[in-house]
Amino acid sequence: MVSKRSINYSTWTPLAALIILIIISSFASEYFFSARNLLNITRQISYTGIIALGMTLVIIAGGIDLSVGSLVALAGGVAVLALNALGGGPLAVAAAILVAVIVGVLGGAFNGMLVTAGRVAPFIATLGTMSIYRSLTLYMANGGEFRSQSDLFPSFGAGLFLEIPIATWVFVILAVIFQILLSYTPFGRHVCAVGANEVVARYSAIRIQFVKFMTYALTGLTVGVSAVLLASRLNAVSSTNAGVYYELDAIAAVVIGGTSMSGGMGAIWGTVIGAAVLGIINNMLNMAGISTYLQGLVKGLIIIAAVLVQYKRK
Amino acid sequence: MTNGQPQAASQPADQPASQPEELLRVENLTKAFSGVEVLKSLNAGIRRGEIMGVIGENGAGKSTFMKLISGVYAPTHGRILLDGKPVRIATPSAAQRLGIAMIPQEFNLINTLRVYENIFLGRELRRAGVLDRKRMIEIARRLFAALATDVQPEALVGDLSVAQKQMVEIAKAISQESRILIMDEPTTVLSRAEIDSLLVIMRDFTAKGGAVFFVSHKLAEVRAVCDRVLVLRDGELISLDPVAALDEHEMARRMVGRDLSEAFPAKATPTVVQPVLAVRSLTVPGSLAGISFTLQQGEILGIAGLMGAGRTELGETLMGLRKAQSGTIAIDGAPTAIQSPRDAIAAGIAYLSEDRQGRGLLLQYDSVVNITLASLKQYARLFIQNRKCQERARYYVDSFNIRVPSLAADLSRLSGGNQQKVYLAKWLDTAPRILILDEPTRGVDVGARHEIYGFIHDLVANGLSCILISSELEEILGLSNRVLVMRSGRIAGELAGDALNEEEIMYYATGLKVQEIPGDATAPATLSGASGAPVE
């Protein structure tokens, strides 16, 4: 339902912004268009980009999930524990992936329960679990790191397939799946309906609580995937630093991608573009030698600008 | 257009002679949305002291006209003259400064603020720098006293009924010392007494030199209130004549551009008596008390009653939107548990809410999405088959004569009548056997109204059974084979045949008469509830 209306100007704005940004970047730096740099960008954006896919559904359904960053650390940490406990072989790696996804889904499902059965406002519920998940992670690691003892584990997260980073592959494949889910399945349409008008959705026999719950559970799934990719790339998970500010990046990608913060409408491909815009800006700031401490400022301004543009359109 | 007749009687004596007779005039006023002209070169003027009726089908351009005057839209061409001088009305607050106040169809009130805070929003009275609550409350109280309504200035707007909110909007507009008042469908939800006091207020307002635009579908009211009537059709001015020259029939004829000879299609009597739906002692705490009735195959069962009688609650309970505490629902003789709207759809029940915009349709989505929203299962195994959805929507758009720019156009741009047709299509697409219509023609223009009556008639002729909840007695009488009158959550009476008339319905609705319904031992037996309360 979203793809059909993509002819209008507003849905094309993120794409136009991306193209302009690429043009500017290519003039600003000769290294920008090198394959190495571009692939690097795609890998860098994939971790929060994957989470942003789930976040898109949550936001379209009228919610928000602030806990994703903490859940990345928790899911990644537990996955590393499982990996080490099972000896670090190929089966242990597979188990670690599975464990990360399970922990992510459970964490997301808990958010979903709070929002639906518990009727807690999404902002508050996930603000609470953001603290809970981080605290659990810190406690388990005693404030330190979960360090993998496997030599096999990093080869998966840092690996390439057909010259393209595995993380990028996962991001692209998940984006396609989520776009299909949103645009071509009854569930996706129900997500839009719940966000557009919950009362109308209820009167139309849509199980609004189930739909909302599923958006959080699916976000948990994306968090789990992202967590294991990140853990395996670094071969460790820091309980203090892993996933910090990921909620910011994920929400930013969604908003820049043109999904309405008030819910009801949005597009996965917009979110992918949003993630790319963020990644390129980061890349440019790095190449220009601007302090990493200032990059948050730029990101914040972009989010605000994106929301302003959205607001002005109405 | 204007016939130059002097209106000296209603002109205040202190008006300087040099001031033009017309308070506001529009010249060649045109509004186009993406190239489509919805108002075409309108020339008209309103005089001091005049109440001008503005009528037309939905989509005729009435609302656009009013929004141009009140600064919501900017004209594509043409100009607006106030006191003979061209003015630019760029924003609603600019209109307010010029003394033009609009009472909107949909309320612009803040639910979390108190009534007086809403009335004085943005122009709060102050004393020594702080809010002068006392004076604002006092002024609000006087406004409501003048309107003969019982709204408490200190009540939270969110706690008010729809009718009370309407009165707050009216009080707000009047308190702004406006010279031109625009009332967009002001009387749709008001009671008789409130309408009467509103009319007095309007007369009072015009006697002071103000002018009122009165936009309404209720032609009887237009006739009773207005001095002249402006008729719009397809964005064009059809006529602007003194009201005395028109009767309701003529107004309707000019609005639709053809004769509406037969208001209601001939009633068909169900040939076989076969109960489709049997409700026994249905009770919902606080709204329904022991409701029992039977719906026959191919029947239109009207449900009449005053506001708050429990009619909508009954519809919502049958749809599984409210939990029944006790009672049974049988479909084709088989007891059926309806716990959710999904159960209701599975049982072949469809319910069209009275609140089309708030509960019925996703206005920011197109007709395809809306028509298939409740029946999406049919179009999807794993993936939605968009082509099938579109074909289906196209079928409804064609057979119901729904006027849409395209299938992909947002419903927010459709007129009320067209939205209602989309809403009807949405629920017919679930293939119901029992169709519950709650105020199916609220905010729907005359032409579309007749079409909808025709659709209901045809559907029932094809075996659908229909429960028709309506506050329009004419509609209930014109369509129903049988009528249940509800009062205080109970069925007060059942009327059919010769007993089916307006007076009888009112007797039961107000409690002047009470029938003993078999199987409904809880029916009230006293007359204590009798009052002159009007039909909602």
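Biologist: What share of the 536 residues of chain B counts as buried?
Modeller: In chain B, 46% of the 536 residues count as buried, where buried is defined as 20 or more other C-beta atoms within 10 Å of the residue's own, exposed as 12 or fewer, and partly exposed as anything in between, with the C-beta atoms placed from the backbone. Please keep in mind that this is a predicted model, in which local features need pLDDT of at least 70 and side-chain atom pairs count only at pLDDT 80 or more, while totals for chains, interfaces and linings use all residues. Residues are numbered from 1 along each chain as its sequence is written, and chains are lettered from A and ligands numbered from 1 in the order in which they are written.

Biologist: And how many helices and strands does chain B have?
Modeller: Chain B has 17 helices and 22 strands; these are DSSP runs numbered from the N terminus, with helices being H or I of at least four residues and strands being E of at least two. Among the contacts in chain B with a separation of 6 or more, 68% come from residues 24 or more positions apart, a contact being two residues whose C-beta atoms, placed from the backbone, lie within 7 Å.

Biologist: Let's take β10(B). Which of its residues point one way, and which the other?
Modeller: B:Ala211, B:Phe213 and B:Val215 point one way, whereas B:Val212 and B:Phe214 point the other way, and all are buried. That fits the strand as a whole, residues 211–215, where five of five residues are buried.

Biologist: Which strands does β10(B) sit between in the sheet order?
Modeller: The open sheet has six strands in the order β6-β9-β10-β3-β11-β12 of chain B, with mixed pairing, and two strands are taken to pair if DSSP finds at least two bridges between them. Its edge strands are β6 (100–103) and β12 (236–242), each of which pairs on one side only. β9 (180–184) runs parallel to β10(B) and is joined to it by five bridges, with B:Asp184 standing opposite B:Val215. β3 (51–55) also pairs with β10(B) in the parallel sense, over four bridges, and there B:Gly53 has B:Phe214 as its bridge partner.

Biologist: Where does the antiparallel part come in, between β11(B) and which strand?
Modeller: β11 (228–233) of chain B runs antiparallel to β12(B), with six bridges joining them, and B:Arg233 stands opposite B:Glu236.

Biologist: Which strands does α1(B) lie across?
Modeller: Helix α1 (62–69) of chain B lies across β3, β6, β9, β10 and β11, running at about 150° to β9(B); angles like this run from 0 to 180 degrees between N-to-C directions, and axes are lines fitted to C-alpha atoms, for helices over the stretch in contact. Helix α8 (248–256) of chain B lies across β3, β11 and β12, at about 30° to β11(B).

Biologist: Changing topic, at what angle do α4(B) and α5(B) pack?
Modeller: Helices α4 (133–146) and α5 (162–175) of chain B pack at about 110°, with their axes 10 Å apart. They are therefore roughly perpendicular to each other, since angles under 35 degrees count as roughly parallel, over 145 as roughly antiparallel, 65 to 115 as roughly perpendicular and the rest as oblique. The contact is made by B:Ile139, B:Ala140, B:Leu143 and B:Phe144 of α4(B) together with B:Ala171, B:Ile174 and B:Ser175 of α5(B).

Biologist: What about α9(B), is it buried or exposed?
Modeller: Helix α9 (311–318) of chain B is mostly covered, with eight of its eight residues buried, including B:Arg311, B:Glu313 and B:Glu316. Just after α9(B), B:Gly320 takes a positive phi of about 80°.

Biologist: There was a second six-stranded sheet too; which strands stand at its edges?
Modeller: That open sheet has the order β18-β19-β20-β15-β21-β22 of chain B, again with mixed pairing. β18 (349–352) and β22 (490–496) stand at the edges with a single partner strand each, so one side of each is left without a neighbour in the sheet. Within this sheet, β19 (434–438) and β20 (465–469) run parallel and are joined by five bridges, and B:Ile434 stands opposite B:Ser465. Helix α17 (502–510) of chain B packs on the sheet, touching β15 (300–305), β21 (482–487) and β22, and its direction makes about 30° with that of β21(B).

Biologist: Last one: how many residues does each chain give to the contact?
Modeller: Chain A gives 17 residues and chain B gives 22, and the largest share on the chain A side, four residues, comes from α8(A).
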